[in-house]
Amino acid sequence: MLYLLSPRQKFKPIFNYEQSLNYYDFFYTQKKLKQEELRIVITLPDLNQLEALTKQDFIYSNGPLLISRKVQAILQKEFELGLVQFFEAEIDGVGVLDTHVALHVVNIEPVADLEKSTFEYDPFRDEYEFEILVLNQVFEWDLTIARGIGAEKDIFINEALKQRLVEGGVKWIGTVYHL
């Protein structure tokens, strides 16, 4: 079974497109990236939120997902297999975070059961807009984590990884669910 990591948090960090570099590759390409070619900057509307936010295992924004060092350790197997990469992330006005890293999921895979989902497809932008997303039961390849075709900013995990995260004591800021 596949699951979608979905945000549920009070804080609203904002990905700073103006200060970040090469973020397009972070979301829309299926390749490994180089730290020296990237700059990930997040802006907090209120810097007083920083302490509370850094206690979370997942920090969601309109940009890359930031994960705690605990989640990073759990994803070590995926890192060694080349499925994920970790990158430094900065908080605007604070500097590089030492509690979290930006997660880059390399693979983009078909995750939607198009026969059962309700969607519109835009051929000019090559994008799906799902009204109802029904997930496939498994990834087509032997993966534990991937981004979805037509949903490149969303991160999907399989049952085994979900179980490792739960067993690792990850606090769910988001909801893991199967549609």
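How exposed is Phe130, and what is its relative accessible area? Phe130 is partly exposed, with a relative accessible area of 22%. Buried would mean under 20%. This is a predicted model.

## Aromatic pairs

The whole structure holds four aromatic pairs. One of them joins Phe15 and Tyr17. Their ring centres lie 4.7 Å apart, and the planes meet at 85 degrees. That makes the pair edge-to-face.

The partners differ in how they meet the surface. Phe15 has 2% relative accessibility, so Phe15 counts as buried. Tyr17 has 31%, so Tyr17 counts as partly exposed.

## A tilted pair between strands

Phe119 and Phe130 also pair. Here the centres are 5.6 Å apart and the planes stand at 55 degrees, so this pair is tilted. Edge-to-face would need an angle over 60 degrees.

The pair links distant parts of the chain. Phe119 sits in strand β11 (residues 118-122). Phe130 sits in strand β12 (residues 127-132). The two residues are 11 residues apart. Phe119 is partly exposed at 30% relative accessible area, and Phe130 is partly exposed at 22%.

## Nonpolar cores

The largest nonpolar core has 32 residues. Within this core, Phe58, Leu65, Ile67, Leu103, Ile145 and Phe156 touch the most other members. Several elements give two or more residues to the core, including strands β1 (2-6), β5 (65-68) and β9 (100-105). Helices α3 (69-74) and α5 (159-167) are also among them.

A second core is separate and has 17 residues. Its members include Ile91, Leu97 and Ala102. Phe15, the buried partner of Tyr17, belongs to this second core too.

Definitions and conventions:
Residues are numbered from 1 along each chain as its sequence is written. This is a predicted model: local features need pLDDT of at least 70, side-chain atom pairs count only at pLDDT 80 or more; totals for chains, interfaces and linings use all residues. Side-chain values use heavy atoms; hydrogens and water are left out. Rings of Phe, Tyr and Trp (its six-membered ring) pair if their centres lie within 6.5 Å; planes under 30 degrees apart count as stacked, over 60 as edge-to-face and the rest as tilted. Buried means under 20% relative accessible area, exposed over 50%, partly exposed in between (1.4 Å probe, protein chains only). Helices (H or I, at least four residues) and strands (E, at least two) are DSSP runs, numbered from the N terminus. A nonpolar core is a set of buried Ala, Val, Leu, Ile, Met, Phe, Trp, Tyr and Cys residues joined through side-chain atoms within 4.5 Å.
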